[in-house]
Amino acid sequence: MRQYLLSVYQPDGDPPPPEVLGPIMAELGNLNEEMQAAGAWVFAAGLHPPSTATVVRDKDGDAVLTDGPFTEGKEHLGGFTIIRASDLDEALSWGGRMAAVLAPLAIEVRPIA
Amino acid sequence: MSDIDRTFRAEYGRAVAVLIRQFGDIDLAEEAVQEAFATAVLRWPGDGVPPSPAGWIITTARNRAVDRLRRESTRGAKETAAVLLAGGHSAEDEHIMDDRLRLIFTCCHPALAPASRVALTLRLLGGLSTGEIARAFLVPETTMGQRLSRAKGKIRDAGIPYRVPRDEDLPDRLGAVLAVLYLIFNEGYAASGGPGLTRDDLAGEAIRLGRLLVGLMPDEPEAKGLLALMLLIEARRPARTTAGGDVVLLADQDRTLWNRTLIAEGQGLLRECLRRGRPGTYQLQATINAVHADADSAAETDWAQILRIYDHLAAISGGAVVALHRAVAVAEVHGPAAALAIVDGLDGLERHYVWHSVRADLLRRLGRHGEAVEAYGKAAELTGNPAERRYLQGRAAEFQGPSAAAPLDRADRS
């Protein structure tokens, strides 16, 4: 079995209001349960907004900190799921299910080395 | 063509496909098959061609691959044997399924960029060298080499499967395969760059791959429809250009030059697939070309029937390009004014030279020569094909004013 990282990319800015987000998160929860039942689910997590991120670099043995995300863009990584799948078709099929729940957000499917 | 060249053209893809299944490694499979052919070049002239050239190539390639694994592997002979055993296990349906079918679906996987699908298909199934593919698509050989190795790396690392898709995915995935073959054909039909209008070898290669696919999936009407379409278009090749390489429009072509053998084969295939009652875009486009093939002269063309087929085509694949081609049939049935109204109503085709060239022709027929010249000029500017450009510039010059350039240009093309 291989493992794949399913990343959720979403536009910067405020999340949708609770009455919109609630049903989506419920559906996402159902999908996670389905993945678990199928033995595909490894790990999943949602992230706080990029404004909460801190970048650390090493400078001559000292940690240099920068406020904010590593890359500034119009979209950011909002969360991710790691799944087990026998091949890319199977991983893309789960990725497609996730994209349907989170539409119009894009899901990046990437093999874990 | 020598026995070895013939075997190479016919059997390269099959041998690579078998070796990929057995060893699970595209590069190893390719190298082993190439070494086997290199051995054949040395041995066959002296020893004679073996009774089963394809079998000989596959066996020799397999031995080469095993040798290579033994030589290069730090795992030792025992684990090399285990690799082979695993290969043997996955071969349970060896006699049911030709490995080339798996390979086609892997090469044309939608997770690969379209340009990579085309390159991989020509490389692995067609046996074209990286240099040949690079020249055909007018990119430097190093660029094509990188494109191929990146695609093979993605197949390996992302786990693109080596199998025929599940039934529920098959219609979409077959569509992707057919699109790749048609892309190769069209690149050969009207090359988007380079000196000549056509690159016959690419069109021929697409037809060869189309025949292979029809042989592997005889129950898929769209696969047959695509092969019929390619054969019917290919049949007109001898009449499509003058000896000087200039374009001859369908209406002006010498129809006695059309290849009747290809037309008969295309029409036969078309009858077979249409009987299934599942007409798709390729079958319908083939039907349109079959109607042209039935007409002994341009004047005898049954445009009303062609328009009916375009209506059907527009209903199942309502793109702007289909609407544009439908407008050409509308012009013949209902006149150029009706057609121009349709063409002018189409959005998103401003960068498409065919849109300008169809518009130009309709404007010319409506006597709006000034606008026609402008549209021919725009079309000439946008086409990447030099022969098309010469033709369009010629048309623009012809209607620039009441000059005498026109009859000369006409005489040259008839």
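The questions and answers below concern strand pairing and a surface patch in chain A of a predicted model.

Biologist: In which sense do E1(A) and strand E5 of chain A run, and how many bridges join them?
Modeller: Strand E5 of chain A covers residues 75–85. E1(A) and E5 run antiparallel, and the number of bridges joining them is ten.

Biologist: What stands opposite Tyr9(A) in E6(A), and what is the bridge partner of Tyr9(A) in E5(A)?
Modeller: E1(A) also pairs with strand E6, residues 106–111 of chain A, in the antiparallel sense over six bridges. In E6(A), Tyr9(A) faces Ala106(A). On the E5(A) side, the bridge partner is Leu77(A).

Biologist: Which residue of the hairpin of E3(A) and E4(A) takes a positive phi?
Modeller: Strand E3 (residues 54–59) and strand E4 (residues 62–67) of chain A run antiparallel and are joined by six bridges. Two residues lie between the strands of this hairpin. The residue with a positive phi, near 50°, is Asp60(A).

Biologist: Which residue in E4(A) stands opposite Thr54(A)?
Modeller: E4 of chain A spans residues 62–67. The residue opposite Thr54(A) is Asp67(A).

Biologist: Which residues form the negative surface patch with Asp12(A)?
Modeller: Asp12(A) lies in the loop between strand E1 (2–11) and helix H1 (18–37) of chain A. The other residues forming the negative patch are Asp67(A), Glu72(A) and Glu75(A).

Biologist: Why can Asp12(A) meet the accessible-area condition for a patch?
Modeller: Patch residues need over 30% relative accessible area. Asp12(A) is partly exposed, so it meets that condition with a relative accessible area of 37%.

Terms used: Residues numbered from 1 in each chain as written. Chains lettered and ligands numbered in written order. Predicted model: local features only at pLDDT ≥ 70, side-chain atom pairs only at ≥ 80, totals over all residues. Heavy atoms only, no water. Patch = residues over 30% accessible without salt bridge, like charges linked within 9 Å, V, L, I, M, F, W, Y side chains within 5 Å. Areas by Shrake-Rupley, 256 points an atom, 1.4 Å probe, with all protein chains shown as cover. Salt bridge = Lys/Arg side-chain N within 4 Å of Asp/Glu carboxyl O. Lys, Arg positive; Asp, Glu negative; His and termini not counted. Charge placed at Lys NZ, Arg CZ, Asp CG, Glu CD. Helix = DSSP H or I, 4+ residues; strand = E, 2+ residues; numbered from the N terminus. Buried < 20%, exposed > 50% of the residue type's maximum accessible area, 1.4 Å probe, protein only. Pairing = 2+ DSSP bridges.
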